[in-house]
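Visitor: I am new to protein models. Could you show me how to read one, feature by feature?

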Amino acid sequence: MVETLLRFRTDDAHDEPAVTLDAFLADQTNATAVRIEAGDDARALIPMLDRLALIEVSFPSFRDGRGYSSARVLREAGYTGELRAAGDVLVDQVPFMRRCGFDSFAPEAPIDQATLDAALARFPAVYQGAADGAVPVWRRRHG
């Protein structure tokens with residue numbers, strides 16, 4: 001089994017429901033959990049990242065990759081809280097979502113642990129930098 005730091009949504013994962021980005025910015029600024037929908041601009045949260053315990057990013061379809069960009073923007077801006085991918089999350093996307101900064105998942109369909117372990121172990125080296133801080137293979141070879 002691959003050692004993972006992944007969390008899958010459980011009933012006790014975060015007891016406060018996430019509010020929409022618009023509601024948070026308008027009048028619910030005391031919330032500690034925000035949900036970003038596809039098309040929302042995650043950069044709007046940057047001044048308030050230190051107040052958030054959870055940012056949930058919606059994946060309405062496995063074909064919609066805008067959530068990857070939101071995750072990377074938030075992690076590069078310094079967000080250290082739970083970053084959850086929610087919705088149409090497929091097992092083969094989890095390794096790429098981790099590279100962008102996701103550490104929690106709420107898939108619509110259950111993900112088999114053995115299949116997830118195999119997906120995470122499939123490519124032990126990376127070829128480009130990302131939000132996860134993994135050192136690319138070319139840098140390990142050539143300094």
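Guide: We will go from the whole chain down to single side chains. Keep in mind that this is a predicted model.

Visitor: Let's start broad. How many helices and strands are there in the protein chain?

Guide: The protein chain has five helices and six strands. Next, read their order along the sequence. The pattern is β-β-α-β-β-α-β-α-β-α-α.

Visitor: What share of the residues counts as buried?

Guide: The chain has 143 residues, and 39% of them count as buried. The word has a cut-off: a residue is buried when its relative accessible area is under 20%. Over 50% it is exposed, and in between it is partly exposed.

Visitor: And the surface of the protein chain? How much of it belongs to carbon and sulfur atoms?

Guide: The accessible surface comes to about 8,300 Å². Carbon and sulfur atoms hold 51% of that.

Visitor: What can contacts tell me about residues far apart in sequence?

Guide: Take the contacts between residues at least 6 apart in sequence. In this chain, 50% of them join residues at least 24 apart.

Visitor: Give me a single residue to practise on. Why does Ser70 count as buried?

Guide: Ser70 counts as buried because its relative accessibility is 9%, and the cut-off is under 20%. Ser70 sits in helix H2, residues 66-76. Now leave out residues up to four places away in sequence. Ser70 then touches Ile36, Asp40, Ala42 and Val57.

Visitor: Can we do the same with Cys100? Where is its place?

Guide: Cys100 lies in helix H3. Its relative accessibility is 16%, so Cys100 counts as buried. Again, skip residues up to four places away in sequence. Cys100 touches Tyr68, Ala71, Arg72, Arg75 and Ala131. Then compare sequence with space. Cys100 and Gly129 are 29 residues apart in sequence, and their C-alpha atoms are 9.8 Å apart.

Visitor: Now the rings. How do I describe a pair of aromatic rings?

Guide: Use the distance of the centres and the angle of the planes.

Visitor: How many aromatic pairs does a search of the whole structure find?

Guide: The search finds two aromatic pairs. Phe59 and Tyr68 form an edge-to-face pair, 5.5 Å centre to centre with 80° between the planes. Phe59 and Phe102 also form an edge-to-face pair, with 5.7 Å between centres and 65° between planes. The pair of Phe59 and Phe102 links distant parts of the chain, 43 residues apart. Phe59 belongs to strand E4, while Phe102 is in the loop between helix H3 and strand E6.

Visitor: Which residues do the ring pairs link into a cluster?

Guide: The cluster holds Phe59, Tyr68 and Phe102. Check burial too. Phe59 is buried because its relative accessibility is 1%. Tyr68 has a relative accessible area of 18%, so Tyr68 is buried. Phe102 is buried as well.

Visitor: On to charges. How many salt bridges does a search of the whole structure find?

Guide: There are nine salt bridges. The test is a side-chain nitrogen of Lys or Arg within 4 Å of a carboxyl oxygen of Asp or Glu. One of them joins Arg66 and Asp64, with the closest N and O atoms 2.6 Å apart. Arg66 is partly exposed, at 45% relative accessible area. Asp64 counts as buried, at 15%.

Visitor: Is Arg84, in its salt bridge with Glu82, buried or exposed?

Guide: Arg84 is buried, with a relative accessible area of 1%. Glu82 is buried too, at 11%. Their salt bridge spans 2.9 Å, N to O. Salt bridges that share partners join Arg35, Glu37, Glu56, Glu82 and Arg84 into one network. Within that network, Arg35 and Glu37 meet at 2.8 Å, N to O. Arg35 is partly exposed at 22%, and Glu37 is partly exposed at 33%.

Visitor: What about Asp117? Which side chain of opposite charge is nearest?

Guide: That side chain is Arg98, 8.4 Å away. Asp117 is buried yet has no salt bridge. Asp117 is found in helix H4, residues 113-121.

Visitor: With which side chain does Asp117 make a polar contact?

Guide: With the side chain of Gln113, at 2.8 Å.

Notes:
Residues numbered from 1 in each chain as written. Predicted model: local features only at pLDDT ≥ 70, side-chain atom pairs only at ≥ 80, totals over all residues. Heavy atoms only, no water. Helix = DSSP H or I, 4+ residues; strand = E, 2+ residues; numbered from the N terminus. Buried < 20%, exposed > 50% of the residue type's maximum accessible area, 1.4 Å probe, protein only. Lys, Arg positive; Asp, Glu negative; His and termini not counted. Polar contact = N/O pair within 3.5 Å; in protein donor to acceptor, adjacent residues only side chain to side chain. Contact = heavy atoms within 4.5 Å. Areas by Shrake-Rupley, 256 points an atom, 1.4 Å probe, with all protein chains shown as cover. Phe/Tyr/Trp six-rings, centres within 6.5 Å; stacked < 30°, edge-to-face > 60°.
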